[in-house]
Amino acid sequence: MKAVLSTAMASAVAASMLTLVGFARDAGAADARQMYIVQTRGAPAATYQGDEPGFVATKPNAGEKLDPTRDEVRAYLEHLTQQHSSVAAEAGVESVRDYGLTLNGFAARMTEAAALALAERSDVVAVYPNK
């Protein structure tokens, strides 16, 4: 089963919506690798309304909870994981954890320069240092 970002963590990440906050600025920091959370464009399963061809809505109805075991949810999560892998590969970083239930994104260890480059991509919403 894929690891997912907790609702509290996702809320904190989404609430901040600050791009690339808290980077170390000393001379050696640019070469040091650290863990980052990369938030990619598109809805996570909890809010996905079925706007991509081939994938039905996974957002639960009012009063219902998201069921990550439903085939529709699993298919959409796999789709997001494939997107994350593509973004990471194109950026030259390796995704170490995918998030898709409450946040669409992935975690990867990278340099500050790689994080800055990823943040400029049109398919990336934001890049956060994992602290």
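**Notebook: helix α2 and the core**

I began with helix α2 and looked up what its buried residues pack against, and I found β1 (34–40), β2 (95–99), β3 (105–110), α3 (112–119) and β4 (124–129) as the partners. I note at the outset that this is a predicted model.

Next I looked up which residues of α2 are buried, and the list reads Val73, Tyr76, Leu77, His79, Leu80, Thr81, His84, Val87 and Ala88. The helix itself covers residues 71–91, and its 21 residues reach 30 Å from the first C-alpha to the last, close to the 30 Å expected at 1.5 Å a residue. Just after α2 I came to Gly92, which takes a positive phi of about 75 degrees.

I then stepped back to the whole protein chain, where I counted three helices and four strands, running α-β-α-β-β-α-β from the N terminus on. Buried residues make up 37% of the 131 residues, and among contacts with a separation of 6 or more, 68% join residues 24 or more positions apart.

My last search was for the largest nonpolar core, which has 14 residues, and those with the most contacts inside it are Val38, Val93, Phe106, Met110, Leu118, Val124 and Val127. Two or more residues each come from β1, α2, β3, α3 and β4, and α3 gives the largest share, four residues.

I followed Leu118 further and, leaving aside its neighbours within four places in sequence, I found it in contact with Val38, Val87, Ala91, Val93, Met110, Val124 and Val127; of these, Val87 is also on my list of buried residues in α2.

Conventions:
Residues are numbered from 1 along each chain as its sequence is written. This is a predicted model: local features need pLDDT of at least 70, side-chain atom pairs count only at pLDDT 80 or more; totals for chains, interfaces and linings use all residues. Side-chain values use heavy atoms; hydrogens and water are left out. The expected span of a helix is 1.5 Å times one less than its number of residues. Buried means under 20% relative accessible area, exposed over 50%, partly exposed in between (1.4 Å probe, protein chains only). Contact means heavy atoms within 4.5 Å. A nonpolar core is a set of buried Ala, Val, Leu, Ile, Met, Phe, Trp, Tyr and Cys residues joined through side-chain atoms within 4.5 Å.
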